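Let us walk through this structure step by step, starting from the whole chain and then turning to particular residues.

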Amino acid sequence: MLRSYALNRVLQSLVTLVLVSLVVFAGLRALPGDPAVALAGAEADDAAIEEIRRAYLLDQPVHVQYLNWVGRALQGDLGESAQTGLPIGEIILSRLPVTLELAVLSLLFAALIGLTTGVLAAVRRGGVLDWLGNGISLFGLSIPNFWLGLMCVLVFAVGLGWLPASGFVPFTASPLGNLARLVMPAFVLGSGLAAVLMRQVRSSMLDALSSDYVRTARAKGAGEWRVVAVHGLRNSLITVLTILGLQLGTLVSGAVVTEQIFVLPGFGKLMVDAVFTRDYPVIQAAVLVSAVGYIVVNLLVDLLYSVVDPRIRVRGGAA
């Protein structure tokens, strides 16, 4: 059953990936203007424009361009930047670790705050902790990332001088310097996710704590925190996994703004710079890589469902 369930999800992900590649490819070519002129520059002569057209196969039919692009991408060749001439794969590999580290720290922050406040709010429903958790959640949902980022810079960097205002230091060069420069961006990026996670965990925990199996566990003499952690929280993990998988796209899009505010040389800033310089090959490759990452993460989440709740893999295999 598990193998059938996993195979079904992998096939669905492959179909989604093909559709995404079609949308990405067609979307850039639907932009107004001649791509060759945009790549060559407004002051380029006709010979330079024709050379660009041949180099990027823009003189070939659309389906030939698509198949060539997909074929090269499957071999790890994402083309070259129209602005720098550097391989796009190397550019992305140099920027991606920054965004991945920021995303991981944001997820850890969101999971720690969201799970803790959600569980406490459900256990102490109607009490002070419940009101406090709902207030924190409302704050996280209401405050835009760009405003919160600017306020963090003004307070903690400019006003108090506790943290650097911007920049990035690799973890291998200085672990403390690396974390000091990522604390504020991770807090800003993870605050919205923590708020969503808190509200969903609270709702799921309330349903779980009022179920028959929890009442049975209490009747057998199980301790309250054992009931909460083993019986309540475990059955709420489906909600947690769903939110973390679906919110990955939000983290990536939010990282674009966050990396601009804190001047982090990450994947999000690469996409913004490519848009401003009209570097279409980089935009196309960056969107494709983002989509692949989103699909892979959601596939892993689907497979984790079957680990958390065996009923899912049985039903999925039967389907």
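A helix here is a DSSP run of at least four residues marked H or I, and the helices are numbered from the N terminus. With that in mind, the reader can place Ser191, which lies in helix α8, a stretch covering residues 175–209. This model is a predicted one, and its chain contains 15 helices and zero strands.

Taking the chain as a whole, 36% of its 319 residues count as buried, while its accessible surface amounts to about 17,300 Å², with 67% of that surface belonging to carbon and sulfur atoms. Among the contacts in the chain with a separation of 6 or more, 73% are made by residues 24 or more positions apart.

Is Ser191 buried or exposed? Ser191 has a relative accessible area of 11%, and it is therefore buried, since that word applies under 20%. Leaving aside residues up to four places away in sequence, Ser191 touches Phe109, Gly140, Asn145 and Leu148. In addition, the side chain of Ser191 reaches the backbone oxygen of Val188 at a distance of 2.9 Å.

Val158 offers a second case to consider, and this residue is found in helix α7, which spans residues 145–159. Because its relative accessible area is 59%, Val158 is exposed, a word that applies over 50%. Val158 also belongs to a nonpolar patch on the surface, which it forms with Leu154, Val155, Leu160 and Trp162, and these residues together have about 530 Å² of accessible area.

Conventions: Residues numbered from 1 in each chain as written. Predicted model: local features only at pLDDT ≥ 70, side-chain atom pairs only at ≥ 80, totals over all residues. Heavy atoms only, no water. Patch = residues over 30% accessible without salt bridge, like charges linked within 9 Å, V, L, I, M, F, W, Y side chains within 5 Å. Areas by Shrake-Rupley, 256 points an atom, 1.4 Å probe, with all protein chains shown as cover. Salt bridge = Lys/Arg side-chain N within 4 Å of Asp/Glu carboxyl O. Helix = DSSP H or I, 4+ residues; strand = E, 2+ residues; numbered from the N terminus. Buried < 20%, exposed > 50% of the residue type's maximum accessible area, 1.4 Å probe, protein only. Polar contact = N/O pair within 3.5 Å; in protein donor to acceptor, adjacent residues only side chain to side chain. Contact = heavy atoms within 4.5 Å.
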